[in-house]
Amino acid sequence: MKVTLIEKIRETQDIYSFIFKPEKQVTWEAGQHIFLKIPHPNPDNRGIIRHFTISSAPFEKNISITSRFDIEKGSSFKKALLKLKTGSAVEAFNLRGNFTIKDLKAKYVFIAGGIGITPYRSILLDLINKDRSPDIVLLYCCKAEGIIFKDILDEMENKYKWLKIHYIIEPKLINGEIIKNKVPDFKERIFYISGPLIMVKIVEEILSKLNIGKSSILKDYFPGYE
Ligand SMILES: Cc1cc2nc3c(=O)[nH]c(=O)nc-3n(C[C@H](O)[C@H](O)[C@H](O)COP(=O)(O)OP(=O)(O)OC[C@H]3O[C@@H](n4cnc5c(N)ncnc54)[C@H](O)[C@@H]3O)c2cc1C
């Protein structure tokens, strides 16, 4: 499917969101991802295709993706994406993924590492749009200067009692004590973890030490950032 860039938003110093209008109406489940193909001159060994979580919610209709850009060491793909002009069309395909909410009666802990916040923006907005209110605690590990979507997250937390957000700002790192402290009923909850692979692995180890079974954990890791 062809998607046309209609807006580019600078979220933080090095994070941008790109809003694409699909050529025809498309549906997806909040938390899913899509592949983008951006042919460009002299692609490096990482090539011309990347997965991105869709950071927009299905009711927003346009497909947004949000990504981090390393101006010096970044890939040729990211350079081409950042240079994309509004009005340009690219190929998007393979919309899929199971990092979605299955049980609306369950209680959740969402853990995000930096750019891993992308699926939660979509999931939370989708729940609000559908008037659903599962009990959710979001633990968002980030740098003080890089809190992506802070305005909309704060707005949602202020408005909806079922959502609690705790920012874990570097140099503080997530650990078992923080989880026990911020989420006293953590044993009754399903854990979602989203972020760079190394962060997801560390959180999995922490959860294993807290005796959280694998069946209570769903992961979405973003390779390429290690
Ligand atoms: C299910 C899923 C969902 C995802 N969702 C998102 C998302 O929402 N947002 C997002 O940003 N990413 C997401 N990703 C990851 C994304 O697909 C890319 O892998 C990631 O953004 C890194 O992009 P990049 O390879 O272009 O490297 P860059 O982001 O440009 O660079 C990252 C680092 O890799 C190194 N590097 C860059 N190019 C090369 C090279 N050619 N060879 C060796 N090292 C290099 C550099 O040290 C650089 O600092 C997702 C991945 C998956 C599987």
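**Helix packing and a one-sided helix**

In this predicted model, helix 2 and helix 3 are in contact: R121, L124, L125 and I128 of helix 2 meet I152, L153 and M156 of helix 3. Sorted by type, the residues of this contact are six nonpolar, no polar and one charged.

Two packed helices are described by the angle between their axes and the distance between the axes. For helix 2 (residues 118-129) and helix 3 (residues 150-159), the angle is about 35° and the axes are 11 Å apart. The crossing of helix 2 and helix 3 is left-handed.

Further along the chain is helix 5, which covers residues 197-209. Helix 5 has 13 residues and reaches 19 Å from its first C-alpha to its last, close to the 18 Å expected at 1.5 Å a residue.

Which residues of helix 5 are buried? They are M199, V200, V203, I206 and L207. Seen down the axis of helix 5, these buried residues fall within an arc of 120°, so they line one face of the helix. The spacing can be read against the general geometry: an α-helix has 3.6 residues a turn, so residues three or four places apart point the same way.

The buried residues of helix 5 are covered by elements that include strand 7 (107-113), helix 4 (176-182), strand 10 (189-196) and strand 11 (217-222). On the other side of helix 5, the exposed residues are I198, E205 and K209. After helix 5 comes N211, whose phi is positive, near 65°.

Terms used:
Residues are numbered from 1 along each chain as its sequence is written. This is a predicted model: local features need pLDDT of at least 70, side-chain atom pairs count only at pLDDT 80 or more; totals for chains, interfaces and linings use all residues. Side-chain values use heavy atoms; hydrogens and water are left out. Helices (H or I, at least four residues) and strands (E, at least two) are DSSP runs, numbered from the N terminus. The expected span of a helix is 1.5 Å times one less than its number of residues. Buried means under 20% relative accessible area, exposed over 50%, partly exposed in between (1.4 Å probe, protein chains only). The arc is that of the directions from the helix axis to the C-beta atoms. Contact means heavy atoms within 4.5 Å. Axes are lines fitted to C-alpha atoms, for helices over the stretch in contact, and angles run from 0 to 180 degrees between N-to-C directions. A crossing is left-handed if the near helix is turned anticlockwise from the far one by less than a right angle, and right-handed if clockwise. Ala, Val, Leu, Ile, Met, Phe, Trp, Tyr, Cys and Pro count as nonpolar, Asp, Glu, Lys and Arg as charged, and the others, Gly among them, as polar.
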